[in-house]
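This report concerns the structure shown below. Please keep the sequence and the coordinates at hand while reading.

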2 protein chains.
Amino acid sequence: MQYNAITFVKRPTAEITPDIFERVTLQTPELKDDEFLVKQTHMSLDPAMRTWMMDNEESYIPPVAIGEVMRAYGVGEVVESKNPAFPVGARVVGITGWAEYVLGGADMQIVPQDVPVEALLCALHVPGLTAYVGLFEVLRPKAGETLVVSGAAGSVGSLVGQMAKAEGLRVVGVAGSDEKCRWLVDELGFDAAINYRSANLAEQLAEATPNGIDCYFENTGGPIQQLVYSRMNRFGRICVCGMISDYNRETPLPGPNWMDINLKALRVEGFVIVDHYDKAPKAVETITGYLQKGQLKYRAHVLEGLDSAIDGINLLFNGENQGKLLVKF
Amino acid sequence: MQYNAITFVKRPTAEITPDIFERVTLQTPELKDDEFLVKQTHMSLDPAMRTWMMDNEESYIPPVAIGEVMRAYGVGEVVESKNPAFPVGARVVGITGWAEYVLGGADMQIVPQDVPVEALLCALHVPGLTAYVGLFEVLRPKAGETLVVSGAAGSVGSLVGQMAKAEGLRVVGVAGSDEKCRWLVDELGFDAAINYRSANLAEQLAEATPNGIDCYFENTGGPIQQLVYSRMNRFGRICVCGMISDYNRETPLPGPNWMDINLKALRVEGFVIVDHYDKAPKAVETITGYLQKGQLKYRAHVLEGLDSAIDGINLLFNGENQGKLLVKF
C-alpha cells in the first residue's frame with residue numbers, strides 16, 4: 001500500500017521554512033512478528049518538534065536524522081497486526097510521524113474508542129501528563145500560593161493554570177494576544193492574564209501578583225522571564241518546561257543572574273516528559289477527575305491533511321494558534 | 001566598661017571602602033535578666049557580609065542598618081551573665097558583631113573549650129554547616145559522579161571538595177591562583193584544579209571533566225559559570241551557595257539561558273544557611289568524623305585586631321586570602 005509522508009531534509013538555523021521538509025510517497029512494509037501497522041487519524045504539532053530538529057546529541061532524545069520521516073505524536077487505528085497485544089481495530093496513541101501510516105512502536109498505548117480525540121490529544125496524554133508532572137512533581141504548589149504560567153493559552157499552559165486553580169492557587173497567565181488573555185480569564189477562570197506584547201509589563205505583573213510569586217511554570221522564555229524572576233518569593237519554585245521564544249534563535253538570550261536563587265533559596269528545575277511516562281496512569285486518573293468536575297477546558301485548533309503541517313507548525317512560534325494544534329488526516 | 005566597635009555608616013554601591021565604616025567607643029550595658037555579655041576572641045570575615053550591606057528588604061536576613069555595629073559571626077567567652085544557661089567562663093559561637101564585647105543572642109551555642117578555635121570557625125560551624133547542607137541536602141551526590149566547585153580554595157569550597165572526595169566523587173576545583181590550585185590538588189587531594197585567571201578555560205575544564213559534570217557547587221559566578229553549565233550532564237544539579245564575583249557589581253551579570261535546564265532536566269537550587277540550623281548537630285557529627293579520619297584539612301588566614309577587618313574584608317573579594325579569613329582580638 002502506498003502512503004504519503006513528510007521527511008526532514010535540512011536542519012533549520014532559525015525559523016522553520018518549508019524547504020526543510022520533503023513530501024514523499026512510501027510503501028507500507030511487510031510486517032514481521034510482533035509488528036503492527038497504524039493508520040494515523042490525528043497528529044499533534046508541538047513546540048518540542050523544534051528541539052528535535054536541533055543537532056544536539058546531548059538532548060534527552062536523539063535529534064531527527066536527516067532523511068527520516070519527521071517525528072510526531074498522534075492517534076491512529078491498528079489496520080494490520082502480527083502483535084496480539086495490538087489487534088486490528090485497536091485505537092492507539094504514541095510516537096507516530098508525519099505520515100499517513102506508521103509502524104507501531106514500543107511506546108504506544110491502547111486507548112478507549114469512546115474518548116473524543118480532542119480529549120486524548122489536548123488533555124489526557126502528552127499535554128496533560130506534561131502539565132501534571134510540571135505542576136505536581138516539580139512545582140509542588142500549596143493552596144493560597146501565587147502561580148504564574150507563560151505560554152498560558154498553549155496546550156500545556158492552559159491546563160497548568162486550570163489545575164492550579166482547582167488546587168486553590170492564585171493563577172496569572174502570560175499570553176500573546178488580548179483575545180487569548182480574555183479566554184484565560186473569562187472562560188478558564190484565571191485570576192489575571194497579561195499580554196506580553198503590551199506595554200508596562202512590570203507594572204501589570206506587580207498588580208497581578210500583589211503577594212509576589214511562589215511558582216513559575218516557564219514555557220516561553222523571553223522578557224517576561226526576568227520580570228517574573230524578580231518577583232519570586234523566598235523558597236519559590238520555577239519549572240522550566242519549555243523555552244519556545246528561544247528555539248528559533250541561533251544564540252539563545254541570556255537568563256537571569258543567579259544571586260536571587262541563592263539569597264531567596266529558589267529552585268529552578270527542568271524536566272522532559274519522556275522521563276516521566278511512569279506517572280501517566282496517575283495523571284490520566286487525576287485529569288479525568290478534573291474533566292468530570294468541569295474544571296478543565298481545552299480548545300483544539302485543527303488543520304486538515306498531512307501537508308497542512310508544513311506551514312501550520314509555525315503557528316506555534318508566531319503564536320497564532322488558538323488552542324492545541326492538531327492535524328486531522 | 002568601654003570597648004571598641006565598628007559601625008556601618010554607608011551602603012557601598014560597588015567595592016567595600018573604609019569610609020563605609022566608623023570606629024566607635026561604646027559602653028557595655030547593665031545586664032537585664034537572661035542577658036549575658038560575651039568577650040569576643042575571634043571573628044569570622046565572610047563573603048556573605050557584602051550581601052548584608054545591600055539595601056534588599058527581601059533577602060533572607062534584614063540588611064545591617066545604617067549606624068548599627070557591623071554584623072559578624074564569631075567565638076567568645078561569657079564574662080558576665082544573668083542567664084544560667086550561659087554561665088561565666090562558657091565558650092560560645094554565634095552572631096556577634098565587629099566589636100570587642102557583644103550581648104549574647106538567642107542563636108548562640110556553647111562549644112567545648114578544647115576544640116581549637118580554627119576548627120570551630122574553619123570546619124565545624126558556619127563554613128562546615130554550609131558545605132554539608134549544600135552538598136548533602138541540595139546536590140545529593142552519588143559516588144562516581146563528577147563535582148565542580150568554584151571558590152574552591154575558600155572556606156566553604158575547600159570543605160565541599162574534600163567531603164565530595166571522601167564520598168567517592170571526582171572533584172575539580174576552580175580557584176584564583178596557581179598556588180591555590182596546587183594546594184587543592186597536592187594538599188587536599190582534589191583530582192584537578194583550574195585557575196580561572198588562566199587562558200583556555202573551556203579546554204581545561206573539558207580535560208578535567210571527561211565524563212561531563214553532574215554536580216556544580218557555585219560560590220562565585222563569573223565566566224566559569226557558563227562554561228560549567230554547558231558541560232552539565234542530564235539530571236545534573238547545581239547548588240547556588242554564593243555569587244561573590246557579583247556582590248560588588250551595581251548590575252549583576254546575566255546568567256545562562258534556561259534551555260539546558262529544560263532539555264537536560266537540570267536542577268538549580270539555592271539556599272542560605274539560616275534556614276538550616278536544625279541540621280547543625282548532624283553536620284557537626286559528620287564533620288567530626290571526617291576530621292578524625294584525616295579527610296578534612298583547612299587553613300586559617302588570621303588578621304590581628306578589630307581594625308584589621310576594615311581593609312581585611314577585601315581580601316575575600318580580590319581573592320588574596322589564603323584560607324578562612326579570621327580576626328583575632
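The sections below treat the chain, its domains, the relation between the copies, their interface and the pairing of strands.

## Overall form of chain A

The structure is a predicted model. In chain A, the secondary structure amounts to twelve helices and 15 strands. The C-alpha trace of chain A extends over about 60 × 45 × 35 Å along its principal axes.

The radius of gyration of chain A is 20 Å, and a compact globule of 329 residues would have a value near 20 Å, so the two agree.

## Two domains in chain A

Chain A is split into two domains. Domain 1 is made up of residues 2-114 together with 299-328, whereas domain 2 covers residues 126-275. A distance of 28 Å separates the C-alpha centres of domain 1 and domain 2 of chain A.

Contact between these domains of chain A involves 13 residues of domain 1 and 13 residues of domain 2. On the side of domain 1 of chain A that touches domain 2 of chain A, six residues are nonpolar, four are polar and three are charged.

## Relation between the two copies

A turn of 180° with a shift of 0.0 Å along the axis lays chain B on chain A, with an RMSD of 0.0 Å. The two copies are therefore related as by a two-fold rotation axis. Both copies use the same surface, as 100% of the contact residues of chain B recur in chain A.

## The interface between the chains

In the contact between the chains, 33 residues of chain B meet 33 residues of chain A. Three elements of chain B each contribute at least two residues to the side that touches chain A: β12 (232-240), α9 (259-263) and β13 (267-270). The residues on this side of chain B comprise 17 nonpolar, eight polar and eight charged.

Strand β13 also takes part in direct strand pairing across the interface: residues 267-270 of chain A form a strand that pairs with β13(B) in the antiparallel sense, over three bridges. Within this pairing, A:Glu269 has B:Arg267 in β13(B) as its bridge partner.

## A sheet that spans both chains

An open sheet of twelve strands, with mixed pairing, includes strands from both chains. The order of its strands is β10(A)-β9(A)-β8(A)-β11(A)-β12(A)-β13(A)-β13(B)-β12(B)-β11(B)-β8(B)-β9(B)-β10(B). At its edges lie β10 (192-195) of chain A and β10 (192-195) of chain B, each of which pairs on one side only. From one strand to the next, the twist averages 15°.

Within the chain A part of this order, strand β11 (residues 213-218) and strand β12 (residues 232-240) of chain A are paired in the parallel sense, with five bridges between them. A:Cys215 lies opposite A:Arg237 in β12(A).

## Further strand pairs

In chain A, strand β4 (residues 73-81) pairs with strand β5 (residues 91-95) in the antiparallel sense over five bridges. Here A:Gly74 is opposite A:Gly94 in β5(A). β5(A) also pairs with strand β7 (residues 109-110) of chain A, again in the antiparallel sense and over two bridges; A:Val93 stands opposite A:Gln109 in β7(A).

In chain B, strand β3 (residues 36-44) and strand β4 (residues 73-81) are antiparallel and share eight bridges. B:Val38 faces B:Val78 in β4(B) across this pairing. β4(B) is further joined by five bridges to strand β5 (residues 91-95) of chain B, and the two run antiparallel. In that pairing, B:Glu77 has B:Arg91 in β5(B) as its bridge partner.

Technical notes. Residues numbered from 1 in each chain as written. Chains lettered and ligands numbered in written order. Predicted model: local features only at pLDDT ≥ 70, side-chain atom pairs only at ≥ 80, totals over all residues. Domains from an automatic or database assignment. Contact = placed C-beta atoms within 7 Å. Nonpolar A, V, L, I, M, F, W, Y, C, P; charged D, E, K, R; others polar. Least-squares fit on C-alpha atoms with pLDDT ≥ 70 in both. Pairing = 2+ DSSP bridges. Helix = DSSP H or I, 4+ residues; strand = E, 2+ residues; numbered from the N terminus. Axes fitted to C-alpha atoms, helices over the stretch in contact; angles between N-to-C directions. Rg over C-alpha atoms; globule rule 2.2 N^0.38 Å.
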